[in-house]
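Subject: Structure for your review

Dear colleague,

Please find below the structure that I am handing over to you. I should be grateful if you would read the notes after it with the structure open beside you.

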2 protein chains.
Amino acid sequence: MKKTTIYDVAEEAGVSLATVSRVINGSNVVKPATRERVLDAIKKLDFKPNQIARGLATSKTTSIAIVFPESLFAHVKDMIGGIGDTARTLDYNISIYTTEEIGDGNPVNSVLEKVIKSRADGVVLFNSDNVDNEIEMMKKYNVPTVVIGYEVEDDNLCSISVDAKSISKEITNDYLDRGIDDIIFVKPRQNLVRLDEFADGIKEAFAAHGLTFGDERIISTSTHYEKSYPFFQNYFKDHRHQLVLNGYDKEAVAVVNGAQDNGIAIPDDMEVIGMMNTSYSIMSRPALTTIHVPVYELGAMAIRLLTKMLNGEEITEHKVIVSTHLIKRNSTK
Amino acid sequence: MKKTTIYDVAEEAGVSLATVSRVINGSNVVKPATRERVLDAIKKLDFKPNQIARGLATSKTTSIAIVFPESLFAHVKDMIGGIGDTARTLDYNISIYTTEEIGDGNPVNSVLEKVIKSRADGVVLFNSDNVDNEIEMMKKYNVPTVVIGYEVEDDNLCSISVDAKSISKEITNDYLDRGIDDIIFVKPRQNLVRLDEFADGIKEAFAAHGLTFGDERIISTSTHYEKSYPFFQNYFKDHRHQLVLNGYDKEAVAVVNGAQDNGIAIPDDMEVIGMMNTSYSIMSRPALTTIHVPVYELGAMAIRLLTKMLNGEEITEHKVIVSTHLIKRNSTK
DNA sequence: TTGAAAGCGCTAACAT
DNA sequence: ATGTTAGCGCTTTCAA
């Protein structure tokens, strides 16, 4: 069964292919009567223009590539709603490329290679160990890019990131002011947000109080609850703290549950603060106080920024920094 | 800055474009020395073949479209790992298309139209109110399709679904045998799995015990915890049951939390069983007994089936039915 | 083993 | 207002 092409439509309507092309592209120079004939032929033949051929002819694929490491999957999931909705509204397709850090043969580059070959009009990248390399690649091939969770800017390159430092500093300051200084920071190994900056905020607050927040107070954890929960269940057998700051809600739930298993009352004996304001935070018992990050909007903004670049529109901010705020629930006093 | 093409490489290497094409496609008729020259030129020019042009020439896009309603997002998220990993291994790209049921202008069809225009080699569909229509469309345009969560089969059409009926019947039977018959079923409005069959399983078990499971025992809920939790918090003010079966873990957590808020002890006063075995089930307090559905594998299988169709390989099962099993944790006795 | 040339299905000048 | 034609960047016969 042969696919019907623009030629078939042209023949059916008794016009040239150029005219058919004009009507499917909404040109306004076509005589209404002709347009009708063409439209009828299109309907009769169930013709759908081949986007691939169109892409070749116009050098535009109307598609955007989203590239991220598998380990960031949980975070990207939350964001992909905003990405998808916005892309759909603006008539772009999105293609997903995941990189996996494990394994040999430089898989990351082979993924980037696919992205380049696909001739996506633009790409959105996520903060990862390899992000500099990825940015370099996109620049080399001159593809408009927006990076999420990492601060950069350049020609054809914008970024959207979260101001993690201000909020962590603010929160820490507040506790320190009240004399609460036995604080630890649980830092999941991967995150959308730059958690080093989160840690820096804590350190600055300590410094401002004439104290030191040493790296031994930072606990690196897996992003898998199956691993982090047993860890904390064990950890709290012989550790107590006043406040646990977390880089992600999921780990905060592991902390809450692990601590409660050891008879530590939340928030009376220990306070816990999560990050991202995901549904985990409201499902937790007690519900988590957490730092709200507008994840959906981050995705939406990324696509909007990208399409602006693609359309050559003026961009006022190449480097967007999104601020956050604390949502108080029951895991803090 | 012009993109470098196969012509540039040909010129650089002093061969014709046909030869370049041969080496990038791994033809074994090229003389090693020539191949070297071409490879050098490719490297020197950083040439990446244009997949769009190749797609036009070969009528193959090496891309697979995944189509699902936004409301199923939470479920698809869990599965997309399996889809992505498998697609990457088999060298297919995946493009995501979401349909949204709200709104006017028949948006579902406009999405399907994009899928057709994209000339994806194959498509993966998900169970939804509109799935029959979608299947029809794919059949009309002759695109190989696999449907997840819905039983169908045909030329160029396979399906993978979950046997929800057997498990619900089995579980219900077990409780009924022990004289426990105050059972309700919480049915989220959207699901990957056909929850009507789940309900049928319950009904059959009741019938086998000479009892009736009326539809008033089925509670339809939102898939948003923000909505389902307040509902159950209120519901359990004046309702008690022995067992609550749920179509999805997230709603089960809402049941657990809502019931506990009203002093109902889980599992002593009431037992709760979730479905899917997501991370929600282990984060819940008590941890949920839940029906394990191999979601990752469902996604992986879908892609494998699809690529088999694309390669014209023999397919033994067009209609795959996946079975499930109960994982006992602490929300049941 | 290599090159020439046609063609994939469109768009976009350029003519008419 | 419509038709003709030259690409877009590849793959794939067919010749040499």
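The notes that follow describe the surroundings of the DNA strands, the cavities and one residue of chain A.

Please keep in mind throughout that this is a predicted model.

DNA strand C

The surroundings of DNA strand C comprise 27 residues, and the closest are Ile6(A), Ser21(A), Thr19(B), Arg22(B) and Thr34(B). Of the atoms of DNA strand C that come within 4 Å of the protein, 62% belong to sugar and phosphate. Three polar contacts may help you to find your way along this strand. A phosphate oxygen of DNA strand C lies 2.7 Å from a backbone N or O atom of Ile6(A). A polar backbone atom of Val29(B) is 3.1 Å from a sugar or linking oxygen of the strand. A base oxygen of DNA strand C, in turn, is 3.2 Å from a backbone N or O atom of Ala57(B).

At least two residues of the surface near DNA strand C come from each of helix H1 (6-13), H2 and H4 of chain A, and from each of H2 and H4 of chain B. H4(A) gives the most, with 5 residues. By class, this surface has 15 nonpolar, 8 polar and 4 charged residues.

DNA strand D

Around DNA strand D there are 28 residues, of which Arg22(A), Lys31(A), Thr34(A), Ile6(B) and Ser21(B) come nearest. Sugar or phosphate accounts for 59% of the atoms of DNA strand D within 4 Å of the protein, and bases account for the rest. A polar backbone atom of Ser16(A) is 2.7 Å from a phosphate oxygen of this strand. The side chain of Ser21(B) has an N or O atom 2.5 Å from a phosphate oxygen of DNA strand D. At Val29(A), a polar backbone atom is 3.1 Å from a sugar or linking oxygen of the strand. The residues of the surface near DNA strand D divide into 16 nonpolar, 8 polar and 4 charged.

Cavities

The count comes to 7 cavities of 30 Å³ or more. The largest cavity has a volume of about 320 Å³. It is lined by 22 residues, and those closest to its centre are Ile52(A), Ser63(A), Ile52(B), Ser63(B) and Ser95(B). H4, strand S1 (63-69) and strand S2 (93-99) of chain A, together with H4, strand S1 (63-69) and strand S2 (93-99) of chain B, each give two or more residues to this lining. The lining of the largest cavity divides into 8 nonpolar, 13 polar and 1 charged.

The second largest cavity has a volume of about 150 Å³. Its lining holds 18 residues, and Phe73(A), Ile80(A), Ile96(A), Ile80(B) and Ile96(B) lie nearest its centre. H5(B) gives the most to this lining, with 7 residues. By class, the lining of the second largest cavity has 11 nonpolar, 3 polar and 4 charged residues.

Ile202(A)

Finally, please look at Ile202(A), which is found in helix H9 (residues 195-208) of chain A. Is Ile202(A) buried or exposed? Ile202(A) has a relative accessible area of 0%, so it is buried. Not counting residues up to four places away in sequence, Ile202(A) touches Ser168(A), Lys169(A), Thr172(A), Phe185(A), Phe213(A) and Leu245(A). The C-alpha atom of Ile202(A) is separated by 12 Å from that of Lys187(A), and the two residues are 15 residues apart along the chain.

Yours sincerely,
A colleague

Technical notes:
Residues numbered from 1 in each chain as written. Chains lettered and ligands numbered in written order. Predicted model: local features only at pLDDT ≥ 70, side-chain atom pairs only at ≥ 80, totals over all residues. Heavy atoms only, no water. Near = heavy atom within 4 Å. Polar contact = N/O pair within 3.5 Å; in protein donor to acceptor, adjacent residues only side chain to side chain. Nonpolar A, V, L, I, M, F, W, Y, C, P; charged D, E, K, R; others polar. 1 Å grid on protein atoms, 1.4 Å probe; cavity = no way out; pocket = protein on both sides within 12 Å on 5 of 7 lines; lining within 4 Å. Points joined across faces, edges and corners; volume = space filled by probe spheres on them. Helix = DSSP H or I, 4+ residues; strand = E, 2+ residues; numbered from the N terminus. Buried < 20%, exposed > 50% of the residue type's maximum accessible area, 1.4 Å probe, protein only. Contact = heavy atoms within 4.5 Å.
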